[in-house]
Amino acid sequence: MAEVAKTVQAPAPSSGGAAMVWRVVSGLIVPTLAVVTALVLGGVVIWLTSGGFGAPGEATQKTLAAYQGLLDGAFFNERSFSETIVATTPYILAGLSVAFAFKGGLFNIGAEGQYFLGAVSAAWVGYALPLPPVLHLLVALAAGFIGGGLWGAIPGYLKARTGAHEVIVTIMLNYIAFLLVDWLVNSPLRAPRSSAPKTPDILDTAMLPRFFPAPDRLHSGILVALFAVVIIWWFLNKTTLGFEIRTVGANRDAARYAGMNVTRIFVMAMGIAGGLAGLAGGVEVLGLQHNLPAFFSAGYGFDSIAIALLARTNPLGIVPAAFLFGALRNGADLMELRSGASKQIISVVQAMMLLFVAAPAIIRALYRLRAPKDAVKEAPLSRGWGG
Amino acid sequence: MLELLPSGQPRIESLKMMGIVKRFPGVLANDHVNFEVNAGEVHALLGENGAGKSTLMRQLYGLYRPDEGEIILNGQPVHFRSPADAINAGIGMIHQHFMLVPTLTVAENVALGLKSSRGVQLDLDRVAQRIEELAKRYGLRVDPQAPVWTLAVGEQQRVEIIKALYRGAALLVLDEPTAVLTPQEVDDLFVTLKQMVTDGHALIFISHKLHEVLAISQRVTVLRDGRSVGTYPTGAMTKTELARLMVGREVVLQYNRKPVTPGEARLVIEDLTVAGDKGMDALHSVSLTVHAGEIVGLAGVSGNGQRELAQALAGLRSVSQGRVLLNGQDVTHTPPAARMAAGQASIPEERMREGAIRDFSVSENLILQDHARPPYSRRSFLDFKAIAERSAQLVESFRIKTPTLDTPIKTLSGGNIQKLILARELSRKPTVLIAAQPTRGVDIGACEYIHQRLLEQRELGTAILLISEDLDEIRALSDRIAVMYEGRIVGVVDGPTATAEDLGLMMAGVTHSGA
């Protein structure tokens with residue numbers, strides 16, 4: 001009797017708009033506080049390194065100047081905002097790559113290598129394959145995606161076939177990618193008559209259009225990145241294949257039991273993840289560099305792991321996280337110039353952000369927040385490294 | 001001065017929990033519950049899953065603090081802030097899921113977290129000696145030097161009990177201790193418990209198996225929906241009466257199995273040999289046939305090849321010899337999806353690892369297999385409207401208790417998750433159903449419901465292979481019973497006439513002469 005009475009009679013399919021909003025807001029509290037706390041502690045570090053105990057007044061001024069410089073450099077100086085967006089663009093795509101792989105239960109530490117492969121593929125299509133406008137750009141972008149995607153699919157395939165852990169394989173493939181691209185740019189793809197090793201400039205038809213006249217460098221790659229975010233979110237949540245990837249990510253055994261082809265999903269998830277990182281490299285070449293120099297390394301691939309973590313692997317969360325990293329990266333130079341504080345401080349701030357996001361208990365203890373019921377969900381990248 | 005136990009620990013003469021109230025957001029888990037236990041007594045705590053048994057015991061063990069009410073130990077109010085406080089007060093708890101380190105030995109597990117009597121140097125020899133004393137006194141046969149991973153489940157439980165006794169527990173809470181044991185092991189456990197009671201321990205025995213409660217306890221307290229229904233002397237109670245108090249309505253303990261004439265052979269297993277995890281064969285030439293409209297029970301102590309058989313039949317473990325025919329079609333080497341398409345459904349043994357996904361919602365779990373087929377999807381896009389409609393139907397017709405369809409299933413009870421899995425599998429209208437431990441850890445109401453559904457499937461002509469360690473379940477449902485021992489089927493007997501003693505002997509490896 002009690003049982004029947006308590007059975008929910010055809011419950012409402014959605015839990016209502018207000019609940020949704022609250023879920024989103026409450027999910028943002030810890031990351032936001034993590035960022036604020038890290039910035040405050042970063043200020044303390046600057047204050048201390050500027051001789052805070054010897055000359056407290058001066059150190060305080062320096063600290064304020066440092067953050068003023070960071071803000072000006074990231075947003076308020078001439079073209080600063082454009083440059084921040086320029087830096088945000090590859091961060092979004094590479095961060096999305098790591099987050100996407102994670103949804104399939106895979107750790108993509110290889111975004112940096114995939115980024116290189118995507119960059120070199122896009123650059124080659126850009127200069128060597130003359131095509132009509134628009135089409136040329138699309139083919140070049142696709143080449144970036146495919147280059148990175150194939151590179152990413154390798155660890156997926158090896159994991160599926162041999163059980164090789166994707167963390168190890170992607171790390172090793174990073175080194176292979178650096179050297180492979182270095183060789184390509186130094187010899188077969190090297191631009192003739194150029195003093196520095198780099199590929200020839202891409203053709204105008206393959207360039208991502210810029211919004212403003214030079215020297216402003218804001219290019220339409222940001223639209224590609226935002227489009228990718230929407231597509232990935234939609235793919236994961238609305239398609240059967242996305243459902244399968246999420247299922248495999250959440251519980252491999254249950255996925256197998258349910259008749260899903262887990263090995264196929266591994267290859268596909270890593271392939272798409274690699275494609276996104278490759279697209280990051282492609283967009284950087286087609287929108288910004290217009291050729292691929294040796295020593296192209298920008299560290300976007302490695303920062304992307306941090307961005308995915310900060311966004312808690314949520315595709316939509318990648319955008320603000322990437323923007324934050326882009327702004328910090330872009331503002332760091334002026335910060336150093338104005339205050340003399342080393343721009344490495346930014347790395348300290350970023351590391352603290354990650355620390356606080358990965359260990360939300362610290363933030364909750366600091367601000368006396370109540371723990372959510374499903375605390376497991378909070379540190380998505382901290383589980384499963386042994387698998 | 002308190003009397004001492006043989007271990008030298010003071011006895012817990014009386015424990016009273018008075019007017020305990022514990023609220024969780026949206027739930028009143030304990031509503032003014034009273035409970036008491038005295039030295040030299042087994043007090044059973046009976047109730048369905050979600051009735052508030054675990055919540056009550058967690059407050060006793062210092063894992064939660066009561067919102068209202070008092071815990072009084074030997075006449076003194078106590079406030080436990082952590083399990084360490086409870087352990088220091090002489091309270092021990094045997095959890096349903098053992099808290100042992102598999103790679104360490106028994107002695108190491110017992111010594112874990114305790115101070116060595118030799119300072120920085122280990123005193124494992126002394127620990128082992130003390131373990132042997134305890135083992136002897138309470139009939140807890142176990143080798144202190146054996147690594148825990150080599151022990152059977154029943155032995156691991158003994159290690160847990162020794163651990164608690166070693167730490168000086170005068171009051172022991174046993175949370176569903178018999179769920180993982182064979183009938184013989186249950187008897188052994190009861191001998192141990194009786195000795196402990198004689199020595200002056202106080203025992204709290206949590207269970208929903210009525211005959212065990214009747215067999216071991218002196219008093220029984222029944223909880224329902226967070227409230228205590230009452231405390232009764234066990235001697236005055238019957239199974240039917242207890243079941244009624246626990247569920248709040250009349251419960252069918254004996255099923256009415258309608259006569260069904262078995263039809264054609266649906267699932268034919270021929271000479272199946274399958275390797276286990278450690279490379280050795282886990283199944284040796286197993287042959288078994290299940291006909292339409294028939295429930296074949298597969299009994300056996302856990303670890304005798306049942307798990308491997310279920311996995312091989314699901315297509316998740318490769319077969320080295322023999323073959324499997326599903327509706328006449330050879331599926332020996334086909335992947336899970338093909339078997340499902342051929343009409344097979346399965347309820348996996350480990351609900352949360354193989355059968356469902358904790359973080360997914362009720363709807364998502366309901367579409368795990370058929371998400372790529374209509375009505376759940378159209379041309380590789382999920383159709384959320386159809387999913388919500390079908391899910392709502394299934395939730396209603398299988399009486400799954402859930403706040404919404406979007407609720408992650410980790411918040412549901414075991415019984416409701418199992419009903420969800422059953423709903424998903426049966427909605428596929430299978431011709432063959434492989435049900436492994438379908439009611440393990442499930443409350444009596446859900447258990448009864450699942451049994452009724454299985455019998456209903458039998459009447460509809462489904463061929464059902466019921467793999468279970470619960471002999472009562474096997475006997476109540478099966479037309480024929482096959483018994484597995486060390487990877488072989490040692491006998492097949494007629495279900496309705498099989499006795500527990502015969503089956504118990506076969507489960508211990510004594511071959512049935514009449515088979």
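This is a short tour of a predicted model, with something to select at each stop.

**Stop 1: colour by confidence**

Start with the whole complex, for which the predictor gives an ipTM of 0.79 and a pTM of 0.78. Now show chain B alone and colour it by pLDDT. The average for chain B is 89, and 98% of its residues score at least 70. Where in chain B is confidence lowest, and where is it highest? Select helix α17 (residues 500-507) of chain B for the lowest, with a mean of 82, then strand β20 (residues 463-467) of chain B for the highest, at 97.

**Stop 2: the domains of chain B**

Give each domain its own colour. Domain 1 covers 14-247, domain 2 is made of 252-343 + 430-515, and domain 3 covers 355-428. Taken over C-alpha atoms, the centres of domain 1 and domain 3 of chain B are 36 Å apart.

**Stop 3: a hairpin in chain B**

Select strand β1 (residues 14-24) and strand β4 (residues 68-73) of chain B. Five bridges pair these strands in the antiparallel sense, and B:Met18 stands opposite B:Glu70 in β4(B). Next add strand β5 (residues 76-78) of chain B, which runs antiparallel to β4(B) and is joined to it by three bridges. B:Leu73 has B:Gln76 in β5(B) as its bridge partner. Two residues lie between the strands of this hairpin, and B:Asn74 takes a positive phi near 50° there.

**Stop 4: a four-stranded sheet**

Still in chain B, look for the open sheet with strand order β12-β11-β14-β15 and antiparallel pairing. Which strands stand at the edges? They are β12 (281-291) and β15 (329-330) of chain B; each has a single partner strand, so one side of each has no neighbour in the sheet. Now select strand β11 (residues 265-275) and strand β14 (residues 319-326) of chain B, which are joined by six bridges. B:Leu267 stands opposite B:Leu326 in β14(B). Add helix α9 (residues 306-314) of chain B: this helix packs on the sheet, touching β11, β12 and β14 of chain B, and its direction makes about 65° with that of β12(B).

**Stop 5: two helices in chain A**

Finish with helix α9 (residues 240-250) and helix α11 (residues 262-289) of chain A. Their axes are 10 Å apart and the packing angle is about 105°, so α9(A) and α11(A) are roughly perpendicular to each other. Show the side chains of A:Glu244, A:Ile245 and A:Val248 from α9(A), and of A:Val262, A:Ile265 and A:Ala269 from α11(A), the residues that make the contact. Five residues of this contact are nonpolar, one is charged and none is polar.

Note on methods:
Residues are numbered from 1 along each chain as its sequence is written. Chains are lettered from A and ligands numbered from 1 in the order in which they are written. This is a predicted model: local features need pLDDT of at least 70, side-chain atom pairs count only at pLDDT 80 or more; totals for chains, interfaces and linings use all residues. Domain bounds come from an automatic or database domain assignment. pLDDT is the predictor's confidence in each residue, from 0 to 100. Axes are lines fitted to C-alpha atoms, for helices over the stretch in contact, and angles run from 0 to 180 degrees between N-to-C directions. Angles under 35 degrees count as roughly parallel, over 145 as roughly antiparallel, 65 to 115 as roughly perpendicular and the rest as oblique. Two residues are in contact if their C-beta atoms, placed from the backbone, lie within 7 Å. Ala, Val, Leu, Ile, Met, Phe, Trp, Tyr, Cys and Pro count as nonpolar, Asp, Glu, Lys and Arg as charged, and the others, Gly among them, as polar. Two strands pair if DSSP finds at least two bridges between them.
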